Amino acid sequence: MSLIEVAQLRKVFRRADKKPGLAGSVRHLVERRFVDKVAVDDIDLRVEAGEAVAYVGPNGAGKSTTVKMLTGVLVPTSGTVHVEGRVPHKDRIANARRVGVVFGQRTQLWWDLPVRDSLELLRDMHGLSDADYRRNLERLDATLGLAELLPVTARKLSLGQRMRADLAAALVHTPPIVFLDEPTIGLDIAVKDRVRAFVRELVAEGTTVMLTTHDLGDIEDICRRLVIIDQGRIVYDGDIGTVVETYARERTMHFSVAEAPASLAGIAARLPDAAVAEGPSDAQLDVTFDPAVVSSARVLAAVQAEADVVDLRIDEPAIEDVVRRVYAGELGAGGMQ
Ligand SMILES: Nc1ncnc2c1ncn2[C@@H]1O[C@H](COP(=O)(O)OP(=O)(O)OP(=O)(O)O)[C@@H](O)[C@H]1O
């Protein structure tokens with residue numbers, strides 16, 4: 001049996017279909033109507049011990065609902081879920097001892113307590129010995145720089161500090177399975193790098209990681225397997241390299257320039273392998289290129305030679321675009337394992 005086994009899993013949410021206002025509420029009392037939302041629609045998934053899987057898809061695709069069923073927070077409408085042979089919603093406590101969960105947009109720290117107190121509560125909840133707790137904390141401190149955060153009340157932490165403390169809270173009991181939901185959302189580059197390095201280290205140590213993110217950088221950095229879910233269905237399950245190579249190579253550099261160049265032809269002549277276009281306003285221009293063919297430095301140098309660059313930004317392809325292109329059929333079922 002695989003570490004995680006999901007078969008024909010389905011989750012349907014039923015909500016009241018009621019017209020707005022008092023009249024709507026009254027009518028709903030006498031004539032109850034409901035609409036069903038199929039959040040997860042018959043998915044099959046197996047994850048082996050030690051795998052790092054990116055579980056991605058557009059907003060509302062069903063990612064969080066899947067993770068909630070894997071952690072036992074939600075009961076499936078039909079189908080089966082097994083995590084190390086357990087049925088999570090029937091055995092939530094045993095499951096929680098073996099699983100760590102981080103939700104980037106929500107904290108599991110006690111808001112009014114110093115981080116140290118939250119961690120000690122978790123130590124007691126997980127029944128860790130003092131020696132194990134201290135050893136785990138030292139390890140987390142070495143990678144996440146935790147010591148400086150321990151005396152600080154959770155509500156006073158910056159977003160990046162909060163994420164480091166949340167990772168520690170989720171992992172203080174060294175769970176062999178970790179679900180990370182948007183762990184780098186809103187973080188600056190330096191903290192993002194630190195979090196990614198930390199997760200890579202977990203994977204190198206044999207932890208099984210399931211990562212939900214909209215950040216292509218997170219995915220490429222941490223995972224080798226990519227599972228794409230859209231409208232509750234798995235539309236791709238396979239190697240990450242294939243998808244990145246096929247759909248996600250292009251980068252776009254957006255330049256703000258002091259004065260709009262008279263013509264883009266000069267820049268285009270310097271960058272025959274890239275696409276140069278006018279930006280959304282006069283003093284902006286965009287260069288789209290494949291970093292494997294033209295380096296960012298060359299693009300910058302070419303634009304600087306022809307225009308006075310004031311600012312620049314680089315965009316990676318959005319996960320939404322990748323999903324759209326997978327849907328367009330170019331990978332299709334051929335990418336399914
Ligand atoms: N408790 C609920 N009651 C009713 N509908 C729900 C509930 N939770 C989720 N949904 C709906 O189920 C669908 C899947 O939601 P889910 O949160 O799993 O998506 P997601 O892929 O995690 O999206 P996001 O990236 O925005 O977090 C959405 O249409 C959502 O509105």
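The following paragraphs lead from the whole chain to its domains, its cores, two of its helices, several loops and the surroundings of the ligand.

The structure is a predicted model. Its protein chain has 337 residues, of which 34% are buried. The C-alpha atoms fill a box of roughly 65 × 55 × 50 Å, taken along the principal axes. Within this box the secondary structure comes to 12 helices and 13 strands. Contacts across the sequence are a marked feature of the fold: among contacts with a separation of 6 or more, 71% join residues 24 or more positions apart.

The chain is divided into two domains, with domain 1 covering residues 48-246 and domain 2 covering residues 249-315. Their C-alpha centres lie 38 Å apart. A pair of residues offers another view of distance in this model: glycine 104 and aspartate 286 are separated by 182 residues in sequence and by 32 Å in space, C-alpha to C-alpha.

The interior may be considered next. The largest nonpolar core has 67 residues, and those that touch the most other members are Ala54, Ala168, Leu211, Leu226 and Val227. Helix 6 gives the largest share of this core, 7 residues. A second core of 12 residues is separate, and Phe255, Leu285, Phe289 and Ala302 are among its members. Leucine 211, one of the residues with the most partners in the largest core, shows how such a position brings parts of the chain together. Apart from its neighbours within four places in sequence, leucine 211 is in contact with Ala52, Val53, Ala54, Tyr55, Leu180, Asp218, Ile222 and Cys223.

Two helices show how buried and exposed residues can be arranged around an axis. Helix 5 spans residues 130-144, and its 15 residues reach 20 Å from the first C-alpha to the last, close to the expected 21 Å. Its buried residues are Leu137, Leu140 and Leu144. Seen down the axis of helix 5, these buried residues fall within an arc of 65°, so they line one face of the helix. The residues Ala131, Arg134, Glu138 and Ala142 are exposed on the other side of helix 5. The elements that cover the buried residues of helix 5 include helix 4, helix 6 and helix 7. Just after helix 5 comes glycine 145, with a positive phi of about 60°.

Helix 7, residues 189-204, has 16 residues and reaches 22 Å, close to the 22 Å expected at 1.5 Å a residue. Which residues of helix 7 are buried? They are Lys192, Val195, Val199 and Leu202. Because they cover an arc of only 85° around the axis, they lie on the same side of helix 7. Ile189, Ala190 and Ala204, on the other side of helix 7, are exposed. The buried residues of helix 7 pack against helix 6 (159-171), strand 6 (177-181), strand 7 (208-212) and helix 8 (216-222). Glycine 206, just after helix 7, takes a positive phi of about 105°.

The loops also deserve attention. Most residues other than glycine have a negative phi. Glutamate 84, however, has a positive phi of about 50° although it is not a glycine. Glutamate 84 is placed in the loop between strand 4 (78-83) and helix 3 (92-98), and it counts as partly exposed because it has 19 C-beta neighbours inside 10 Å. Glutamine 231 likewise has a positive phi, near 50°. Glutamine 231 belongs to the loop between strand 8 (225-230) and strand 9 (233-239), and its 15 C-beta neighbours inside 10 Å make it partly exposed.

Glycine 104 lies in another loop, between strand 5 (99-103) and helix 4 (115-125). Why does glycine 104 count as buried? The reason is that glycine 104 has 20 C-beta neighbours inside 10 Å, and a residue is buried if 20 or more lie within that distance. Leaving aside neighbours within four places in sequence, its contacts are Met163, Asp181, Glu182, Pro183 and Ile185.

The last region is the shell around the ligand. The residues there are Phe13, Arg15, Lys37, Ala39, Gly57, Asn59, Gly60, Ala61, Gly62, Lys63, Ser64 and Thr65. Strand 1 (4-16), strand 2 (34-47) and helix 2 (63-70) are the elements that give two or more residues to this shell. Helix 2 gives the largest share, 3 residues.

Notes
Residues are numbered from 1 along each chain as its sequence is written. This is a predicted model: local features need pLDDT of at least 70, side-chain atom pairs count only at pLDDT 80 or more; totals for chains, interfaces and linings use all residues. Helices (H or I, at least four residues) and strands (E, at least two) are DSSP runs, numbered from the N terminus. The expected span of a helix is 1.5 Å times one less than its number of residues. The arc is that of the directions from the helix axis to the C-beta atoms. Two residues are in contact if their C-beta atoms, placed from the backbone, lie within 7 Å. A nonpolar core is a set of buried Ala, Val, Leu, Ile, Met, Phe, Trp, Tyr and Cys residues joined through C-beta atoms within 7 Å. Domain bounds come from an automatic or database domain assignment. A residue is near a molecule or strand if its C-beta atom, placed from the backbone, lies within 6 Å of it.
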